[in-house]
Amino acid sequence: MRMLPLGAADRAAMLATIGAQAIDDLFVDVPAEAVLHGPIPGLPLHASERAVERHMAALSAQNLTAEQAPFFCGAGAYRHHIPASVDHLIQRGEFLTAYTPYQPEIAQGTLQVLFEFQTQVARLFGCDVANASLYDGSTACWEAIAMATRVTRRNRAVLSGGLHPHYAETAATMARFAGDDLCMLPTRAEADSDDAAVIAAIDGQTAAVVVQYPDVMGRIPDLAAIAAAAHAQGALLIAVVTEPVALGLIESPGALGADVVVGEGQALGVGLQFGGPYLGLFACSEKFLRQMPGRLCGETVDADGKRGFVLTLSTREQHIRREKATSNICTNSGLCALAFSIHLSLLGGSGLERMASISHSRAVATARALGAVAGVSVINHTWFNEFALRLPRPAADVVEALAARGILGGVPLSRLCPDRADLADVLLIAATECTDMHDIAALAAALGEVLA
Amino acid sequence: MNDINTAGWRPSLGTIDGAALPDTVTGNRALDLQEPLLFEIGHADRSGVDFDDVEPDVLPTLPRRAARVDLPGLSEPECVRHYTRLSRQNYAIDLGLFPLGSCTMKHNPRLNEKVARMPGFAAVHPLQPQSSVRGALTVIAELADWLVRLTGMAAVAMSPKAGAHGELCGLMAIHAALDARGEGDTRRVILVPESAHGTNPATAAFAGFAVAGIPAGPDGRIDLAALLARLGSDVAGVMITNPNTCGLFERDIKTIADAVHAAGGYVYCDGANFNAIVGRVRPGDLGIDAMHINLHKTFSTPHGGGGPGSGPVVLSAALADYAPRPHVVRDETGVRLVEAAADLPQAFGRMCAFHGQMGMFTRALAYILTHGADGLRQVSDDAVLNANYVLASLRNVLDAPFAGSGPCMHEALFSDHGFAEGFSTLDLAKGLIDEGFHPMTVYFPLVVHGAMLIEPTETESRAALDQFLGAMRSLAVRARAGDPALRAAPRHAPRRRLDETLAARKPRLVWRG
């Protein structure tokens, strides 16, 4: 077997060094009734590299990919062009096969990347500081709520109805066990976001207000107004960004008054990957530094006075604080953070603005084309690169019919809110710089046929 | 906050006045290349990405930002060079033996990287119509089937994103089961051995439980009497790592599981060390109710400098119905994803957006298919053989506190007992860096003074082990003799020992120029 370097002679010699007769002697502490005396029956035996590749390629071929089809899916995961150098660089073995940088003298590559990543995220979100990543946007959203409850010593959070329903469900699951009280506003298919309802729900017991920006239907809430209302009650504003490319065109949440900004970094460098692994982004005001979850990389000096980087403030973390830690997270999304950081360093501020501008322009063109289809209307008042359509039929059926025609025509809102019959006719449509005019024309034509 | 290292060292931009000639002008020495920060070399108006020519068409209603995001850009050649140079300051499995105990740094097969990048897995959206992703769903179902059969359990929750997230999932399933029994408010305590990973008590707290510690006995295993004495009507369950963090198999696991069940609790197993027994022992046969599997450990998905991981949780029949949404179901009609709460009334909720770490599932499935049931058994055989070879080869120069407790499993534990006054585990670890190896896990588990936990894994050859053992023997002798040079180690790394106290006292987490 190509992954196992030991041969029979090695094994025999090593057993002799150990003083054991057979390998079974090393498993003597396993209870006799649980010992298996051979390979588990009914499972396949080892296979060649070629055979495994063929099996996986056959499974891969059963999927309709974003590269094959006109593609308009978003709702928390976006298809953007990833420069070839990103994937090349993250496959460098020194990055790919390294561990969490516990030994900083021989992990300066990873650590400097994390320091640069933290700086990029802080600037993108308009915050003082950022951490070295969390699992994904949905878990980062919960971590922000948990941090807000520690900071304010309150346990109530208001969740906008524009928050991605998976994020809201994740928070509700955590809150159930943590004993927190969530005020979850309903998803509404209206032209503007539910800012007024959010503001009305804030009270003197509220630890945090959670608002997605742009929201799950692509609308853009007035964060400054919500921040003012939250701060007046002593609550923190947590802004959730699931499409960071939007910040190439619209203001950073921190600049609008958000105290904590979390997000999903998948759109930059990471790719679709059927939902994971993704990249949790977490940034906030410096005054919450010692309450932050996750790894933090900090600058310092070595014994010769040279600049260097280390993981720091670990007294917040599980391996030191155990049950009093700020989070239980250990492994995070290091390699995805690297991919994000490389992509963002290739873009720079100017490239990000250009990417955002093209994505927005393509979404505008898409909305014009689809809004002209009989029976279809655009719900949003404004949007960045994603908007909602109202259809004359259930959107899930329409999307299936489009897929049968080789078009991945968006995400039915019912996929995210299956218990809301009143939202069944809402279809979420996203466009990016990868969407070209032929794709838009193909979707508009197919939608017209399907609805005819 | 800006007073760290304002005069700090970084590579020169290349001008000297001739008054004092340095060793090298740039600060570099041949292949020993330093690299400035992105923010010191990038430019706000430079970009390494070319876009199609598209005329901007911006909605007048869009609230535009006041100024461009202040982020430096690099051209492609500058970018490739920046990250390639940084990569060379990292140690990695690809460079050599990486014996971090409990972390399982085994070789990452490159077929798995190729497979994960196949377009049918890499370029599909999590919310595409299910009819368009049958192959991707089949990957999840096939991996789920392997995990259930390898562990002898009833079901598996695939969505948790790493080991600690899996722990949370398992404890929430236990909490939900207790709620269903009407005992969620009375069974509030999770028993955690003091040798446990820090994630265990942290997880128990986040899942809404109180934590009670269970001591280790003198042999490095759970103090059975203490555990049995603590069981009662307030105990929700135990979290046990098996093999444990001292590298030993918990012989009494069946007795413990039976007693916990009899007392009305559940048994959670931290599966971080499943790689020691995969293919040889099924946790389901030991009475385990829930166990996470770190795909990045046992099934060799790359650690990536700190993730991403993946932590599916196998569940016993008692807990299976409480598994979080979504479920992947395979039956005579095919494979499908069940996502709606109405269809899964007992599911305790949702762990995260979408369906889990697909990119890790493809890699882990390729690893499992490559090895097969026979190869996986050989994996644990060789991992345990290599660890016992390390233990046998070093116990005459290093204190092995539990060497009398029977064979170790996949990792060997040593202490700093016998080192010269003023010499610590840290000194030996840093000395290992100068020998060209990554250090072992140090100061964990907490039950041993100056712990050194060595996990060689099955992908090391005997020759690689012998070279490592030679270095270890030499360092052990130097630590015992009190060689002052050891305290100055490392001397040959990209950096010497870093001032971690300064970093924590004056935190500087972002570049401010």
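Reader: How many residues does each chain put into the contact?

Author: Chain A gives 173 residues and chain B gives 182, where two residues are in contact if their C-beta atoms, placed from the backbone, lie within 7 Å. This is a predicted model, in which local features need pLDDT of at least 70, side-chain atom pairs count only at pLDDT 80 or more, and totals for chains, interfaces and linings use all residues. Residues are numbered from 1 along each chain as its sequence is written, while chains are lettered from A and ligands numbered from 1 in the order in which they are written.

Reader: Which helix gives the largest share of chain A's side?

Author: That's helix H11 of chain A, residues 334–371, with 23 residues. Helices (H or I, at least four residues) and strands (E, at least two) are DSSP runs, numbered from the N terminus.

Reader: And what scores does the predictor give the complex?

Author: An ipTM of 0.98 and a pTM of 0.98. For chain B the average pLDDT, the predictor's confidence in each residue from 0 to 100, is 95, and 96% of its residues score at least 70.

Reader: OK, new topic. What order do the seven strands of the open sheet in chain B come in?

Author: They go S1-S7-S6-S5-S4-S2-S3, with mixed pairing; two strands pair if DSSP finds at least two bridges between them.

Reader: Why do S1 and S3 of chain B each have one side without a neighbour?

Author: Strands S1 (155–157) and S3 (210–214) of chain B are at the edges and each has a single partner strand, so one side of each has no neighbour in the sheet.

Reader: How do S6 and S7 of chain B run?

Author: Antiparallel, with three bridges joining S6 (residues 290–292) to S7 (residues 313–315) in chain B. Met291(B) has Val314(B) as its bridge partner in S7(B).

Reader: What about S8 and S9 of chain B?

Author: They make a hairpin with two residues between them. S8 (residues 327–331) and S9 (residues 334–338) of chain B pair in the antiparallel sense over five bridges, and Val328(B) is partnered by Leu337(B) in S9(B).

Reader: Last one: which residues is Ala173(B) in contact with?

Author: Leaving aside neighbours within four places in sequence, Ala173(B) is in contact with residues including Ala290(B), Leu315(B) and Phe348(B).
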